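Below is a set of questions and answers on one structure. Look at the chains first, then read on.

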There are 2 protein chains.
Amino acid sequence: MNVRQRALEAKAAARILARQSRARKDAALDAIARGLLAERASIESANDDDVRRARQAGLSSALVERLVLSGDRVAALAQAVLHVAGLPDPVGSRGPMQRLQNGLLVGKQRLPLGLIAIVYESRPNVTVDAAALTLKSGNAVLLRGGKEAASTNAVLVDIMRRALGDRDLPEASVSFVPPGDREEIRELCGLTDLVDLAIPRGGEGLIRFVTEVARVPVIKHYKGVCHLYLDESAELEMALPLTLNAKVHRPGVCNALECLLVHHLAAPRLLPEIARALSAEGVELRACERARALVPTAHAATAEDFGAEFLDKILAIRVVDDLDAALLHVERYGSNHTEAICTNQHDHAERWLAEVDASCVVVNASTRFNDGGELGLGAEMGISTSKLHAYGPMGLESLTSEKWIVLGQGQVRS
Amino acid sequence: MNVRQRALEAKAAARILARQSRARKDAALDAIARGLLAERASIESANDDDVRRARQAGLSSALVERLVLSGDRVAALAQAVLHVAGLPDPVGSRGPMQRLQNGLLVGKQRLPLGLIAIVYESRPNVTVDAAALTLKSGNAVLLRGGKEAASTNAVLVDIMRRALGDRDLPEASVSFVPPGDREEIRELCGLTDLVDLAIPRGGEGLIRFVTEVARVPVIKHYKGVCHLYLDESAELEMALPLTLNAKVHRPGVCNALECLLVHHLAAPRLLPEIARALSAEGVELRACERARALVPTAHAATAEDFGAEFLDKILAIRVVDDLDAALLHVERYGSNHTEAICTNQHDHAERWLAEVDASCVVVNASTRFNDGGELGLGAEMGISTSKLHAYGPMGLESLTSEKWIVLGQGQVRS
């Protein structure tokens with residue numbers, strides 16, 4: 001079956017899914033979770049094949065690690081599906097309805113987007129997470145996973161489709177496009193009459209490819225170059241834990257800190273101690289000249305260190321003249337992901353909130369909080385750093401849209 | 001200056017506009033309105049040139065009529081700008097903020113999109129309307145108007161830029177791309193690093209061209225094939241005025257009625273009288289066989305009449321078996337624009353609201369209400385029939401996005 005045929009089937013399924021009750025969708029999610037647990041052995045066996053092939057092909061241990069579904073991981077997948085079942089259903093919810101002068105009652109009601117294509121790389125848990133979130137929000141999904149996880153993904157999709165069939169929902173609600181040479185991605189993301197949204201998840205190369213070839217709308221997240229600005233009034237007892245947590249809690253993720261900015265009057269008071277603590281955690285410091293005067297052990301930062309996404313225990317440090325200089329640095333080097341300030345001055349906090357253009361703007365907290373789970377979304381489909389439709393962590397609501405509804409008693413327009 | 005240079009200047013202006021207060025933006029709008037009134041003579045003179053050239057080029061009288069800016073039309077343009085100044089500023093507004101268990105206060109705050117490209121055809125009022133709406137919402141705009149209105153648009157843009165300069169706002173906030181052979185549209189809509197959104201307005205050909213060549217996000221509206229379904233319980237005293245208003249009030253607009261669906265049990269009671277009233281208004285009826293049995297004067301509908309956007313005093317009529325058949329017809333032939341039901345049955349109204357996928361779903365009112373002004377938006381940038389970001393009439397809010405904001409007291413993630 002070619003890509004267009006799969007998309008046609010999935011689109012037909014989307015029309016049916018759009019009008020299912022929460023109870024029916026949750027029952028299907030429950031069946032999927034049970035299926036995953038019941039067929040854990042075949043999932044793990046397919047995954048063993050994928051992992052063996054990946055090792056033979058010489059994939060890095062980090063990539064192989066992302067691929068592995070063993071131990072508690074299948075149970076965790078099933079648990080995540082049940083968690084999604086427990087979340088509120090966004091479809092059909094109505095915002096405030098206003099009574100107009102002519103008596104019309106007008107407002108908005110949520111509806112699914114339709115057919116969503118997810119293009120991703122090795123991690124097979126995306127297969128199940130994405131299917132659960134799209135199903136709950138009344139959308140059909142076309143999954144195009146990576147070659148490395150092809151066997152695992154095939155088994156996971158098969159289990160989910162059978163569970164849907166058992167609950168009298170269309171199996172094509174969860175559809176799969178076998179990975180080839182990327183031409184199938186071009187075809188998939190060109191189906192403007194069938195695919196309502198494409199979400200690429202993975203490395204920058206894949207995301208740029210999808211953006212370049214897509215004719216359908218794309219929501220994406222390139223990278224996270226996150227800053228923390230320590231304002232003149234910042235106190236060490238808050239600045240130190242915010243910096244440490246943002247940098248060393250999980251250096252390899254997109255909301256980790258990559259660059260510390262410090263007000264020049266606060267720097268002598270804050271930087272030496274913060275640098276000591278970071279060094280003790282094994283963080284390599286790359287600092288501007290003014291910062292190195294206070295932290296002689298730091299390396300000299302090069303031009304490339306500002307704006308870099310290290311995803312590692314490396315931190316760029318820059319001393320700045322004032323809030324304006326910090327805002328300018330973030331505008332120039334930031335990636336619209338997460339930008340934090342540590343300050344005691346209310347007007348500076350408000351300026352930061354107003355002027356920084358990022359999916360999440362933070363005052364006096366760690367950059368690590370830019371995450372769907374942490375922000376109360378229950379689950380997340382990814383973090384958008386583009387402003388159209390969704391900006392920041394995307395939960396179930398981001399997988400829906402709103403239509404206008406008008407309730408009248410025979411009104412005509414004059 | 002080439003397209004990219006203009007976009008670079010406009011993008012720099014967008015960064016400045018994003019942090020302007022409502023008072024400063026409103027003052028600039030006020031200056032624009034005054035400028036338009038003060039320079040009415042030069043606007044009309046340039047417009048005369050455009051109109052003369054259009055007549056010489058043999059444009060249809062309907063197209064020439066769209067081009068004309070004379071009589072009260074300049075004053076109306078200025079009035080529309082002042083009206084936008086009076087609307088609330090969406091930028092900086094915050095939705096509900098939630099206190100999480102760890103004490104973080106999280107929510108969303110509105111911000112401008114950035115740089116918006118508007119690609120449109122002959123009507124020069126779009127030049128001023130679009131500039132006013134984008135300015136009010138803190139965005140810069142790149143206007144690519146039609147060749148026919150080139151002289152008028154040049155004068156309008158010049159007046160607006162001088163008004164911005166007088167109020168110390170960047171003139172490049174309102175920028176213009178001279179119309180050429182459409183290659184400049186391709187270039188403009190390919191500037192993924194500068195243009196945040198493209199909105200095409202005009203005929204289906206232009207909109208399809210923009211969608212095809214764009215690499216930046218596009219919000220569009222192809223056409224309006226609007227239906228009204230008269231349910232079994234519909235009463236003539238409501239069904240008749242709803243049908244007449246939707247069809248004859250302004251047949252040439254996108255929210256006008258194009259196809260009437262009637263429940264077969266209600267048809268004998270409703271159709272003859274509705275058909276008489278429509279015929280008296282000069283409406284040509286194209287009906288299915290079951291409808292023609294009740295309305296012998298109607299022409300036989302061909303397959304092409306269902307799904308057609310007549311934009312004229314022509315109406316397709318079809319008798320259907322029940323609500324399910326009506327829903328199926330709308331799903332197959334509708335254009336996701338406006339779909340109305342006339343019913344007395346609550347469960348049928350609710351099914352219509354839940355199951356119809358259209359930018360505006362109407363119960364017991366005219367389809368003509370799908371309009372930003374009528375729905376209380378104050379002003380509209382167009383009607384989106386695609387679901388991403390905006391669905392239905394786009395007001396000021398649709399020209400903004402929401403970023404997450406997090407207010408803490410030193411919280412770190414564990």
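Two strands pair if DSSP finds at least two bridges between them. Helices (H or I, at least four residues) and strands (E, at least two) are DSSP runs, numbered from the N terminus. This is a predicted model, in which local features need pLDDT of at least 70, side-chain atom pairs count only at pLDDT 80 or more, and totals for chains, interfaces and linings use all residues. Residues are numbered from 1 along each chain as its sequence is written, while chains are lettered from A and ligands numbered from 1 in the order in which they are written.

Q: In E6(A), what is the bridge partner of A:Ala117?
A: Strand E3 (residues 115-120) of chain A and E6(A) run parallel and are joined by 5 bridges. In E6(A), A:Ala117 has as its bridge partner A:Ala198.

Q: Which strands are the edge strands of the open sheet of 4 strands in chain A?
A: The pairing in this sheet is parallel, and the order is E5-E4-E3-E6 (chain A). An edge strand pairs on one side only; here the edge strands are strand E5 (174-176) and strand E6 (197-201) of chain A.

Q: At about what angle to E4(A) does helix H1 of chain A run?
A: Axes are lines fitted to C-alpha atoms, for helices over the stretch in contact, and angles run from 0 to 180 degrees between N-to-C directions. Two residues are in contact if their C-beta atoms, placed from the backbone, lie within 7 Å. Helix H1 (residues 3-17) lies across E3, strand E4 (140-144) and E5 of chain A, and its angle to E4(A) is about 150°.

Q: What is the radius of gyration of chain A?
A: The secondary structure of chain A comes to 14 helices and 16 strands. The globule rule (2.2 Å times the number of residues to the power 0.38, with the radius taken over C-alpha atoms) gives 22 Å for 414 residues. Chain A is close to that value, so it is as compact as a globular protein of that length, with a radius of gyration of 24 Å.

Q: What share of the residues in chain A is buried?
A: A residue is buried if 20 or more other C-beta atoms lie within 10 Å of its own, exposed if 12 or fewer, and partly exposed in between, with C-beta atoms placed from the backbone. Of the 414 residues in chain A, the buried share is 55%.

Q: Which element gives the largest share of the side of chain A that touches chain B?
A: The contact takes 56 residues from chain A and 56 residues from chain B. Elements giving two or more residues to the side of chain A include helix H10 (236-248) and strand E16 (400-411) of chain A. The largest share, 11 residues, comes from E16(A).

Q: Which residue in E16(B) stands opposite A:Val361?
A: E13(A) pairs with strand E16 (residues 400-411) of chain B in the parallel sense, over 5 bridges. Opposite A:Val361 in E16(B) stands B:Ile405.

Q: As by what kind of axis are the two copies related?
A: Copies are superposed by least squares on the C-alpha atoms of residues with pLDDT of at least 70 in both. A turn of 180° and a shift of 0.0 Å along the axis lay chain A on chain B with an RMSD of 0.0 Å. The two copies are therefore related as by a two-fold rotation axis.
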